[in-house]
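My notebook is open and the viewer is loaded. Here is what I looked up, entry by entry.

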Amino acid sequence: MRLSNAFIPTQKETPAEATIPSHQLMIRAGLMRQLTAGVYSFLPLGFRSMLKAIQIVREEMNAIGGQEFLLPALNPESLWVQSGRRNIPNFILSIRERDLVLAPTHEEVIAQIAGMHIQSYKDLPQIWYQIQTKFRNEPRPRSGVLRGRQFIMKDSYTLDTSFENLDKGYDKHAEAYRKIFARCGLKFFIVGAYSGAMGGTGSQEFMVESASGEDTVVLCEKCGYAANLEVAKSTVGNVARVPDVKSLAEIHTPNVHTIDELAEFLKMDRKWLAKSLVYEHNSKPILILMCGNDQLNEAKLGTALAGGEFRAMPAEELSRMTGADAGSIGPIGLKGFRIIADKRLEGANNLISGANRNDYHISNIDMQRDVKVDGYFDLRTVESAEACSSCGSPLKITNAIELGHIFKLGTKYSDALNVTYLDENGQAKPVVMGSYGIGIERIIACAIEQNNDKDGIVWNKALAPYLVHLTAINMNNKEIVQTSDKLYQLLTEAGLEVLFDDRGNVSPGFKFKDADLLGMPVHVIVGEKGLKNNQVEIKVRRTGVRTMVPIDDLISTVKKLLTD
Ligand code: ATP
Ligand code: MG
């Protein structure tokens, strides 16, 4: 491609709304432009990289026996009502006029097709995939294409006769994902994950460590344990029972609203203070007791509640129901609430919690004697340097970007949409499903997050829009024009994709800046000095190393650099 004809709108300024390197560079290098919040147009250069990522994904999906579909983005709303996912918060965008929704993922459509055509165990297993646009009602699209309202996903689905066979399809995907991300040149790791809106029996995420990431993960550098904070197991011990059993007593605690204020007021260790949080689960109130200042993890809460919708109860509703403010709620005398608690509180006594009356708390609460608890769960958020649940070493907490997610769905969608097969004995059984996603834009953005410097993008050869950037330093010099034209042709014929900066009236300094910003792996520079010795200069973008090479050796040298 000749730059004089190309549409590659580079810009020097960093746009104010772009706060992370990939977002800034994707705009500055002319890869994409925002249309509206969370919606991006990919420009030709950006789309070339995207197609390369898509090709790698497609090859690896085909290699595990995947069959490619193209499913519609427009879905009947009724299908999502049937699966029970119509009202998941921040998930589905809808088109009111026609009772249609824009699909955020495709388990439902896959299940619908399988339900029509899978008849017997002989039709299974299947691996079905597509690479297609998804829509999500993201409340706060941000970080450029990392969190869009519209994005391209590779989504695949396994259909199997049993959970054992599901494991096989799942493992094949895990292996294919490793290959895909390695081929894309990404440094990644795998964590145990929360299954969220997908449901199912287990899932893992493929993560890229990055300060720009919205996920928080827990890593053990000693044994390799890695988990999303949403599922990281807490190992902090239970609050011990004290032998001295006392009766409940009310204590006056004026102007005390938080656990910290209460600990200070009573001069007590926080672990004896039971924090009460009020939620609604399927519109019914639920009290959650946490130990001291432990932070409730909503994903863990979602797992404990095993489905349904939940949300923190708004303050006004809470005081209307209980007559007290959030800081004064507690389990004693609270009517009409289901109560669950963090497992640290199991068996504890001597606890203090709110009295359901402003400015009062109750002491000597015994979880066994005084509170009807519906279940103890691991609900707390793990903190940095706590002990690893596998080996006891201190855990590291870091930010990460989720590139891909693989789920063992089980029979959730087969049950909801009645997808069955006949087994060897002619008995109808639900098809066992798995679901597996990769965000294509996230591959590109992560590649840029991991490969950039102060001058611009540093593409690796797998995803670079072009492999070679060829610069003619001065288009007024006939010899430079002739030689660079010829090299453009030769390099292209050698199968190397070339972006040829043949622009006139652009200074060499400007051309070099653009070449660094665009970041193709190899930069070939045709200038007067070199031509005197029949040489051109090669600059490797990643190392900055420059060498003069004889023109006759150019192709072989470039090829060699691109295989290293
Ligand atoms: P997140 O937790 O980041 O919101 P998710 O868990 O909802 O993502 P999945 O349903 O697992 O996402 O979707 C599969 C993949 O699609 C993700 O691993 C991610 O790479 C990509 N993806 C999901 N949401 C977005 C988005 N809003 N913008 C860009 N890519 C996305
Ligand atoms: Mg996910």
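How far is the sulfur of Cys388 from the closest cysteine sulfur, and in which residue is that sulfur? I looked this up first, keeping in mind that I am working with a predicted model.

**Entry: cysteines**

I found that the closest cysteine sulfur to that of Cys388 is in Cys223, at 3.7 Å, which is too far for a bond. Cys388 itself counts as buried, with 3% relative accessibility. Next I checked Cys391: its closest cysteine sulfur belongs to Cys220, at 3.5 Å, again too far for a bond. Unlike a buried residue, Cys391 is partly exposed, at a relative accessible area of 34%. A disulfide here means two cysteine sulfur atoms within 2.5 Å, so a pair beyond that cut-off is not counted. I then searched the whole structure and noted zero disulfides.

**Entry: metal site**

I turned to the magnesium ion, ligand 2, and asked which residues coordinate it. Glu402 does so through OE and His405 through ND1, at 2.2 to 2.3 Å. I also looked up the cover of His405: this residue is buried, with a relative accessible area of 9%.

**Entry: a five-stranded sheet**

In what order do the five strands of the open sheet run? I wrote down E16-E14-E15-E17-E20, with mixed pairing. Strand E16 (310-312) and strand E20 (376-377) are at the edges with a single partner strand each, so one side of each has no neighbour in the sheet.

Moving inward, I followed strand E15 (residues 284-291) and strand E17 (residues 338-342), which run parallel and are joined by four bridges. Leu289 is opposite Ala341 of E17, a handy pair to click on.

I then looked for a helix over these strands. Helix H7 (residues 298-305) lies across E14 (274-281), E15, E16, E17 and E20. The angle I noted between H7 and E16 is about 140°.

**Entry: the whole chain**

Last, I zoomed out. The protein chain has 15 helices and 31 strands, and its C-alpha trace spans about 100 × 65 × 50 Å along the principal axes. Of its 564 residues, 52% count as buried. The accessible surface comes to about 25200 Å², and carbon and sulfur atoms hold 50% of that. For contacts between residues at least 6 apart in sequence, I noted that 68% join residues at least 24 apart.

How values were computed: Residues are numbered from 1 along each chain as its sequence is written. Chains are lettered from A and ligands numbered from 1 in the order in which they are written. This is a predicted model: local features need pLDDT of at least 70, side-chain atom pairs count only at pLDDT 80 or more; totals for chains, interfaces and linings use all residues. Side-chain values use heavy atoms; hydrogens and water are left out. Two strands pair if DSSP finds at least two bridges between them. Helices (H or I, at least four residues) and strands (E, at least two) are DSSP runs, numbered from the N terminus. Contact means heavy atoms within 4.5 Å. Axes are lines fitted to C-alpha atoms, for helices over the stretch in contact, and angles run from 0 to 180 degrees between N-to-C directions. Donors are N, O and S atoms within 2.8 Å of the metal (3.2 Å for Na, K and Ca); water is not among the atoms, so sites may look incomplete. Buried means under 20% relative accessible area, exposed over 50%, partly exposed in between (1.4 Å probe, protein chains only). Accessible areas come from the Shrake-Rupley method with a 1.4 Å probe; for residues, only the protein chains shown count as cover.
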